[in-house]
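Let's take a walk through a protein model and look at what links its parts together. Have the picture open and follow along as we go.

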Amino acid sequence: NWCAYVVRRNVSCAVQGSVESFQEPIVAPCPAYQPDCQQQVTYHNRMRPTYKIAFKTSHRVRVEMLSWLPRSRL
């Protein structure tokens, strides 16, 4: 005899939430004729995604063979 049943599990996963801006420093190199110059730093605005943890329900059908125990073992 076979028995089919549905197994439900809550699983966590990372999903994209939104985007955020950040400033990335860019250092300009010194020219070859001025190796000891004071380096110039500029900042570029960049965007990157943010992530959050979400939960979803996973459904699977399992089929198992029924194993019957003799009444004396119950």
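Before we start, one bit of vocabulary: a residue is called buried when its relative accessible area is under 20%, exposed when that value is over 50%, and partly exposed in between. Also keep in mind that what you see is a predicted model.

Let's try the vocabulary out on glutamate 20. Its relative accessibility is 34%, so glutamate 20 counts as partly exposed. Which residue does glutamate 20 form a salt bridge with? The partner is arginine 48, and the closest N and O atoms of the two are 2.9 Å apart. Now find both on the chain: glutamate 20 belongs to strand 1, which covers residues 2-28, while arginine 48 belongs to strand 2, residues 40-65. The pair therefore ties together parts that lie 28 residues apart in sequence. Arginine 48 is partly exposed too, because its relative accessibility comes to 38%.

Stay with arginine 48 for a moment, since there is something else to see there. The charged end of arginine 48 sits over the ring of phenylalanine 22, at 4.0 Å from the ring's centre. And how many aromatic pairs does the structure hold? The answer is zero.

Back to salt bridges. How many turn up when the whole structure is searched? There are two, and you've already met the one between glutamate 20 and arginine 48. The other joins the side chains of glutamate 24 and arginine 46, with 2.8 Å from N to O. Here again strand 1 supplies the glutamate and strand 2 the arginine, so this pair ties together parts 22 residues apart in sequence. Glutamate 24 has a relative accessibility of 30%, so it counts as partly exposed. Arginine 46, at 36%, counts as partly exposed as well.

Next, the cysteines. A disulfide is a covalent bond between the sulfur atoms of two cysteines. Searching the whole structure gives one disulfide. It is formed by cysteine 30 and cysteine 37, whose sulfur atoms are 2.1 Å apart. Look along the S-S bond and you can give this link a handedness: with -105° about that bond, it is left-handed.

Are these cysteines buried or partly exposed? Cysteine 30 has 21% relative accessibility, so it counts as partly exposed. Cysteine 37, at 25%, also counts as partly exposed. Finally, take a look at cysteine 13: its relative accessibility is 24%, so cysteine 13 is partly exposed too.

Note on methods
Residues are numbered from 1 along each chain as its sequence is written. This is a predicted model: local features need pLDDT of at least 70, side-chain atom pairs count only at pLDDT 80 or more; totals for chains, interfaces and linings use all residues. Side-chain values use heavy atoms; hydrogens and water are left out. A disulfide is a pair of cysteine sulfur atoms within 2.5 Å. Buried means under 20% relative accessible area, exposed over 50%, partly exposed in between (1.4 Å probe, protein chains only). A salt bridge is a side-chain nitrogen of Lys or Arg within 4 Å of a carboxyl oxygen of Asp or Glu. Helices (H or I, at least four residues) and strands (E, at least two) are DSSP runs, numbered from the N terminus. Rings of Phe, Tyr and Trp (its six-membered ring) pair if their centres lie within 6.5 Å; planes under 30 degrees apart count as stacked, over 60 as edge-to-face and the rest as tilted. A charge sits over a ring if NZ of Lys or CZ of Arg is within 6 Å of the ring centre and within 35 degrees of the ring normal.
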